[in-house]
Amino acid sequence: MVSPFLETRWEETTIDTITIIIDAMPVLLKGMWMTIVITVISLLIALVIGLVLGLCSISTNKLLKIIATIYVDAIRGTPILVQILFIYFGLPSATGITMSAFAAGIIAISINAGAYLVEIFRAGINSIDKGQMEAGRTLGFSYGETMRIIILPQAVRRMIPAFVNQFIVSIKDTSLLSVIGIAELTMSGQSIYAMNFRAFEILGMVGILYFILIYILTLFSRWLERRLDVA
């Protein structure tokens, strides 16, 4: 049987924890929104990078293939934290061109995600039977028209799981932007528990919010795959 003292103590602790989380939610939700904004903008830019350099990587032009290969190897071969610091601190010190932390964060996430999307596009396009390109050219389409009308629509369907996986990785990568002072979700949590010293509750809530974001994205991915399979 639980003593009245322990029961009262448990109730007080529970109420205190709930109060702390409720008070922290406005700041955490603002940080969560910043995380979403940075991720969406970065992924849109990264998709363009991935598509352009993905096409370069399968091109018959050796120079284009070399450029794509160097970019992919350089970005995938270095930690994203180093890339973030290099863009925000290194480039301005070498060029004298300053940028906001927000801009530097978007550039870093975009460049990093773009390198992985290059490989996703390359693998997705190469997974389509080469005979379809030949069929398109036989029908009178140019290389670009065949790629746009026939190849890419099929390849994109196969790439959706990989796209979603990269989106999830990029959401997590935004947490590293706290090192340059961007008030995304992780940084918002740090600023709160630095004042109230309740790291367990705050970081627990930060983890839950990340999980909600990623779980919603996963459910959307499954729904989209089912819709495309039906179509």
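## A tour of salt bridges and helices

Start by selecting Arg 76 and Glu 119: in this predicted model, their side chains meet in a salt bridge, with 4.0 Å from N to O. Arg 76 belongs to helix α2 (residues 62–76) and Glu 119 to helix α4, so this pair ties together parts that are 43 residues apart in sequence. Colour by accessibility if you like: Arg 76 is partly exposed at 40% relative accessible area, and Glu 119 is also partly exposed, at 23%.

Keep Glu 119 selected and add Arg 122. Here is another salt bridge, its closest N and O atoms 3.1 Å apart. Both residues sit in helix α4, 3 residues apart, which is about one turn of the helix. Arg 122 has a relative accessible area of 28%, which makes it partly exposed.

Now show the whole of helix α4, residues 101–126. Its 26 residues reach 37 Å from first C-alpha to last, close to the 38 Å expected at 1.5 Å a residue. Centre the view on Ala 115 to find a kink of about 25 degrees.

Next, jump to Arg 198 and Glu 201, whose side chains form a salt bridge of 2.6 Å, N to O. Arg 198 is partly exposed, at 22% relative accessibility, whereas Glu 201 is buried at 13%. By contrast with this pair, Arg 76, Glu 119 and Arg 122 are joined into one network by salt bridges that share partners. The whole structure holds 3 salt bridges.

Glu 201 lies in helix α8, and so does Ile 216, in the run of residues 199–230. Select Ile 208, Phe 211, Ile 212, Tyr 215, Ile 216 and Leu 219 for the last stop: together they form a nonpolar surface patch with about 580 Å² of accessible area. Within it, Ile 216 counts as exposed, at 53% relative accessibility.

Terms used:
Residues numbered from 1 in each chain as written. Predicted model: local features only at pLDDT ≥ 70, side-chain atom pairs only at ≥ 80, totals over all residues. Heavy atoms only, no water. Patch = residues over 30% accessible without salt bridge, like charges linked within 9 Å, V, L, I, M, F, W, Y side chains within 5 Å. Areas by Shrake-Rupley, 256 points an atom, 1.4 Å probe, with all protein chains shown as cover. Helix = DSSP H or I, 4+ residues; strand = E, 2+ residues; numbered from the N terminus. Buried < 20%, exposed > 50% of the residue type's maximum accessible area, 1.4 Å probe, protein only. Expected span 1.5 Å × (residues − 1). Bend = angle between axes of the 7 residues up to and from the residue.
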